[in-house]
Amino acid sequence: MTHLVAFLPSPSSNGFYLGPLFVHFYGLAYVFAVIAAVRITIWRWEAVGGNRELVYDVALWGFPAGVIGGRLYFLATSWNEVPAHWWGPIAIWDGGLGIWGGIALGTLVGILVLRRHHANVALFMDAAAPALLVAQAIGRLGNYFNQELFGSPSTLPWALEIAPAHRPVGYAHYATFQPTFLYEIIWNLLLAAALVWLGRRRTIRPPGLFALYVAGYSFARIGEELLRVDPAHHIFGLRVNFYVATLLCVAGLVWFWRIQRAGGAGPGEAPPPQGSAADVSDPGARSEVSRR
């Protein structure tokens with residue numbers, strides 16, 4: 001087979017040594033992702049009168065919960081990929097974090113923190129939605145260094161070179177593949193910008209932007225799951241995450257429609273306020289970024 005020169009070469013290493021400690025780029029990507037998410041959320045939360053200390057408190061509890069939730073989702077759906085050692089279930093440095101579980105548990109814990117502080121949950125969710133997308137885009141860079149989450153073989157100019165050791169069974173004779181992680185990075189950043197624009201230009205009842213985040217991200221994952229060739233469990237010939245993404249995309253759109261139609265925030269959520277981020281008494285609010 002003629003070797004193809006990929007636009008994106010495979011990385012020579014997935015980390016570096018800092019003294020005796022090996023630092024994984026995957027872990028560094030998560031660190032920078034959290035920093036970006038916190039900074040963006042602070043900017044958007046303070047724009048509606050919120051307190052930045054609350055953002056720090058949510059991140060302090062929400063991020064570890066997200067890592068735990070992401071790992072639990074991976075263990076539940078990809079147990080056959082867990083390293084066969086006693087420490088295998090916690091070996092997140094080898095990858096293996098499911099975004100669905102991470103967002104679900106991280107959001108749940110974050111909501112509990114917000115309720116404890118009597119803050120407006122719906123407004124905060126809308127403030128955090130673009131930040132989460134930026135964080136997910138940064139986190140996907142770790143997949144590049146781990147040479148994972150790529151798509152079908154491709155000869156496109158931007159195809160990604162994958163080292164033989166990382167190619168799935170049945171694809172050893174292919175050199176370059178669709179960089180699905182890169183497609184997701186681009187989509188996440190575009191969707192984040194779109195949500196910011198919508199919040200400024202349109203009347204969106206909170207947490208409508210968060211609902212669109214769920215729907216929009218899941219929509220992109222539907223296409224991504226159809227391209228990916230890395231090991232995964234299948235149902236009727238399609239990857240499990242394809243069905244998860246489809247259900248969440250539909251659920252996000254229905255949730256958004258109900259929020260805008262009913263003027264409420266969602267199941268069990270108090271209506272959003274017109275005034276400050278801490279006031280939960282007035283149901284006539286617009287999205288937080290529309291009142292900058």
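Here is a short conversation about a predicted model of one protein chain.

Visitor: Hello! Which pattern of helices and strands does the chain follow along the sequence?
Guide: Welcome! This predicted model has 8 helices and 6 strands. Read from start to end, their order is β-β-α-α-α-α-α-β-β-α-α-β-β-α.

Visitor: What average pLDDT does the chain have, and where is the pLDDT below 50?
Guide: The average for the chain is 85, and 82% of the residues score at least 70. One stretch below 50 covers residues 264-276, which has 40 contacts in the model beyond near neighbours in sequence. Another stretch below 50, with 56 such contacts, covers residues 278-292.

Visitor: What percentage of the chain's residues count as buried?
Guide: The cut-off for buried is a relative accessible area under 20%. For the exposed surface, the chain shows about 14500 Å², with carbon and sulfur atoms supplying 70% of that area. Of the 292 residues, the buried share is 47%.

Visitor: Among contacts between residues at least 6 apart in sequence, what percentage join residues at least 24 apart?
Guide: A contact here means heavy atoms within 4.5 Å. Taking the contacts in the chain between residues at least 6 apart, the share that joins residues at least 24 apart is 70%.

Visitor: Let's look at α1. What length does this helix reach from its first C-alpha to its last?
Guide: Helix α1 runs over residues 25-46, which makes 22 residues. At 1.5 Å a residue, the expected length is 32 Å. The model comes close to that, with α1 reaching 31 Å.

Visitor: Which elements do the buried residues of α1 pack against?
Guide: The buried residues of α1 include Y26, A29, A33, A36 and A37, and also R44 and W45. An α-helix has 3.6 residues a turn, so residues three or four places apart point the same way. The elements that the buried residues of α1 pack against are β2 (21-24), α2 (52-77), α4 (121-139), α5 (141-146), α6 (180-201) and α7 (208-227).

Visitor: Is R140 buried or exposed?
Guide: R140 sits in the loop between α4 and α5. Buried means under 20% relative accessible area. R140 has 11% relative accessibility, so this arginine counts as buried.

Visitor: Which side chain makes a polar contact with the side chain of R140?
Guide: Leaving aside neighbours within four places in sequence, R140 is in contact with L149, F181, E184, I185, Y217 and R221. One of these contacts is polar and joins two side chains at 2.9 Å, and the partner of R140 there is E184.

Visitor: Why is the pair of F16 and F25 tilted?
Guide: The structure holds 15 aromatic pairs. In this one the ring centres are 5.6 Å apart and the planes are at 50 degrees. Planes under 30 degrees apart count as stacked and over 60 as edge-to-face, so with its 50 degrees the pair is tilted.

Visitor: Which residues form one aromatic cluster with F16 and F25?
Guide: F16 is partly exposed at 33% relative accessible area, and F25 is also partly exposed, at 24%. The cluster that holds both of them is completed by Y144, F145 and F181.

Visitor: Last stop: how far apart in space are H166 and D230?
Guide: H166 lies in the loop between β3 (160-161) and β4 (176-177), and is partly exposed with a relative accessible area of 37%. Not counting residues up to four places away in sequence, H166 touches N146, Q147 and F150. H166 and D230 are 64 residues apart in sequence, and their C-alpha to C-alpha distance is 9.3 Å.

Conventions. Residues numbered from 1 in each chain as written. Predicted model: local features only at pLDDT ≥ 70, side-chain atom pairs only at ≥ 80, totals over all residues. Heavy atoms only, no water. Helix = DSSP H or I, 4+ residues; strand = E, 2+ residues; numbered from the N terminus. Expected span 1.5 Å × (residues − 1). Buried < 20%, exposed > 50% of the residue type's maximum accessible area, 1.4 Å probe, protein only. Areas by Shrake-Rupley, 256 points an atom, 1.4 Å probe, with all protein chains shown as cover. Polar contact = N/O pair within 3.5 Å; in protein donor to acceptor, adjacent residues only side chain to side chain. pLDDT = per-residue confidence, 0-100. Phe/Tyr/Trp six-rings, centres within 6.5 Å; stacked < 30°, edge-to-face > 60°.
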